[in-house]
Amino acid sequence: MEAAHGHGYGHDEHAHHPSGLMRWVTTTNHKDIGTLYLWFSFSMFIVGGILALMLRAELFQPGLQLWEPHFFNQLTTMHGLIMVFGAIMPAFVGFANWQVPLMIGAPDMAFARMNNWSFWLLPPAAILLVTSFFVPGGATAAGWTLYAPLSTQMGPGMDLAIFALHIMGASSIMGSINIITTILNMRAPGMTLMKMPLFVWTWLITAYLLIAVMPVLAGAVTMVLTDRHFGTTFFNAAGGGDPVMFQHIFWFFGHPEVYIMILPAFGIVSQIVPAFARKPLFGYSSMVYATSSIAILSFIVWAHHMFTVGMPAASQLFFMYATMLIAVPTGVKVFNWIATMWKGSMTFETPMLFACGFIFVFSMGGFTGLVLAITPIDIQLQDTYYVVAHFHYVLVAGSLFAIFGGVYYWLPKWTGHMYNETLGKVHFWLTMIFFNVTFFPMHFSGLAGMPRRVPDYALQFADFNMLSTIGAFGFGLSQMLFLYVVVTCIRGGAKAPDKVWEGAQGLEWTVPSPAPYHTFEIPPVVK
C-alpha cells in the first residue's frame, strides 16, 4: 500500500490531498506535471517571442532605431536560449508526461517525486536566465552558442546564464531517466517495444540523446566558468588553450540537441496523420529504425557548424557526407507519412492541418539544411540570414507546428471539452501564412549576403527586412488566438465524446496490433 501512495492510486480515506496552489507544488501525478510543463513552456514562448519582436522592430528599417548594438546582441542570445531551453524542450517533456504512461498502460511515471523535482527546477532557472538582463553589463551578448572567447569576456549576466543552463540540464537528465525507466519497465502486458505508439518510441530515443549530450554542455559551460573566474585557459590561446575547442564541445552537444527538439515532433505527427487518414501508419518498423538512425547519425555531424574554422579538407568532406546522409532516414519518415495519407479517408481538422503544414514546411527546412551541408556553399552562407531561415523552418515549422498539432489533438482528451474548431483552423492559417511571410524572405536576404546578429544593414536589404518584421508581428499576435482557444476549451465548451476523432482506428494505438487489455485510465485497485 505504501508504494501505491507514492503513485497516487492507493485509496486511503485519511490521506491528505492538498488543494489550490499546494496541489500543483507538491503533485506527483504525471498529468498535473505534464500540464505544468506545458504552461511553463507557453509562458517562456511568450517571453522569447517578445524578445524576437524587439529584434524585428529594430530591423524594420536600416539604421539604428531602438537598441544599441550590444543590447541587440543580448536580445539575440536570450531569444535563442529561452526558446530552446524554455519553450520547445519543456513542451515536449509535457507531452511525454501526459501521454507516455497513458500510451503504454502505466499507472504513472516510474519516479513520481523525481518527476515533480524535474519540473520545479525549471522556473528558478528561467528566472536566472531572464534576470541576467538586469545585472551590471546586462545579459550575455555572446549568442545562444556562447562562443569563447566572447563568453569568457562578458559581464556577470554570463554567469547567470551558465547556472541557468546547468539547472535546466539537470532537469532534462532527470526527466529522461524517468521516461526511459517508465517505458522499459512499466508497459502493460502484451505491449512489446514494437507495438508501442511511435510517440513513445521517439521519446525513448530522445531521452537517450538527452542523457548523452546534456553533460557535454555542462562540461563546456563549466570550462567557460573556470576560464572566467579561476584562471584556467581552456579557451585562451595565450595560455595554451583553443577557442575552436569550445566550438567542438558545444556542437557535440548542440547538434544532437536539434534532433532532441525534432524527434518528439516526428512522434506527434506520426500519431496525428494515421488518425485523420483513418489508416494504420505506413511502415511502422521502418519509422522506428529511421528515428534510431537519425539519433545515431546526429552524433557524427557536429562540425558542419564549423566549416569556416579552417579544418582540413578531409574533415570537411567527412562532415559534409555524414550530414547529407541524415537526409535518408528523414526522407523515409516523410515518405511514410505521405504513404499513410495516400488513399486514406482524410478529414482536415486542426490537428491534421498542423500535421500537414508540418510535413510541407519542415521538408523545406530540410532541403535548405541539405544546401548548407555542402561545404563550399556553407562557407559562403555561414552566419547569413539563410542559416536563420533554415533553422527557423525546422524549429518553428517543425517543433512548434507539431506542438500546436499535438495540443489540439489531445486537448479534448486532457480537458474533457472540445475546443472551438473554427478558431483552431483560423489559428493554423494565420500561423502558417505569417510564418512564411516572416522567414521565407530571409532566404533571399541571406543569399544576397545579409549577415545575422547585426542591428544595422545595407539599404539593399530594406524591403525583405520590412516584410519579415511585419510577418513576425502577425505571427506573434496570432498566438494570442491560440491562448484564447486553449483557455476557453479548459473552462468549458462542448463535452468531448468518448471517441473524440470518430472513425480513427483506435487513435492511440496506430499500429495494426490489439490495444493492451488495460489502459489504466481507471487506476487498478492495489491489493
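I started with Arg452, which comes out buried at a relative accessible area of 16%. Worth jotting down at the top: this is a predicted model.

**Arg452 and its partner**

I looked for what Arg452 pairs with and found Asp383, in a salt bridge whose closest N and O atoms are 3.3 Å apart. I then checked where the two ends sit. Asp383 is in the loop between α16 (375-381) and α17 (385-415), and Arg452 is in the loop between α18 (421-447) and α19 (462-491), so the pair links parts of the chain that are 69 residues apart. Asp383 has a relative accessible area of 35%, so I put it down as partly exposed.

**The other salt bridges**

How many salt bridges are there by this rule? I get three.

Next on my list was Arg228 with Asp159, at 2.8 Å from N to O. Arg228 belongs to helix α9 and Asp159 to helix α8 (residues 157-185), so this bridge ties together parts 69 residues apart in sequence. Are the two ends buried or exposed? Arg228 is buried at 15% relative accessible area, and Asp159 is buried too, at 13%.

Then I pulled up Arg23 and Asp32, where the closest N and O atoms of the bridge are 2.7 Å apart. Arg23 is partly exposed at 36% relative accessibility, whereas Asp32 is buried at 11%.

**Asn115**

I moved on to Asn115, which I find in helix α5 (residues 112-120). Its relative accessibility is 1%, and the cut-off for buried is under 20%, so Asn115 counts as buried. What does Asn115 touch, leaving aside neighbours within four places in sequence? My list reads His30, Ile33, Asn97, Met109 and Asn178. I also took one C-alpha separation: Asn115 to Ala164 is 19 Å, with their positions 49 residues apart along the chain.

**A surface patch**

Last, I went looking on the surface. Leu184, Leu193, Met194, Tyr208 and Tyr289 make up a nonpolar patch there, with about 470 Å² of accessible area together. I followed up one of its members, Tyr208, and placed it in helix α9 (residues 198-229). Why does Tyr208 qualify for the patch on accessibility? Its relative accessible area is 45%, and patch residues need over 30%, so Tyr208 clears that cut-off. By the burial classes I still log Tyr208 as partly exposed.

**Note to self**

Helix α9 came up twice in my entries: Arg228 lies in it, and so does Tyr208. Of those two, Arg228 is buried and Tyr208 is partly exposed.

Notes
Residues numbered from 1 in each chain as written. Predicted model: local features only at pLDDT ≥ 70, side-chain atom pairs only at ≥ 80, totals over all residues. Heavy atoms only, no water. Patch = residues over 30% accessible without salt bridge, like charges linked within 9 Å, V, L, I, M, F, W, Y side chains within 5 Å. Areas by Shrake-Rupley, 256 points an atom, 1.4 Å probe, with all protein chains shown as cover. Salt bridge = Lys/Arg side-chain N within 4 Å of Asp/Glu carboxyl O. Helix = DSSP H or I, 4+ residues; strand = E, 2+ residues; numbered from the N terminus. Buried < 20%, exposed > 50% of the residue type's maximum accessible area, 1.4 Å probe, protein only. Contact = heavy atoms within 4.5 Å.
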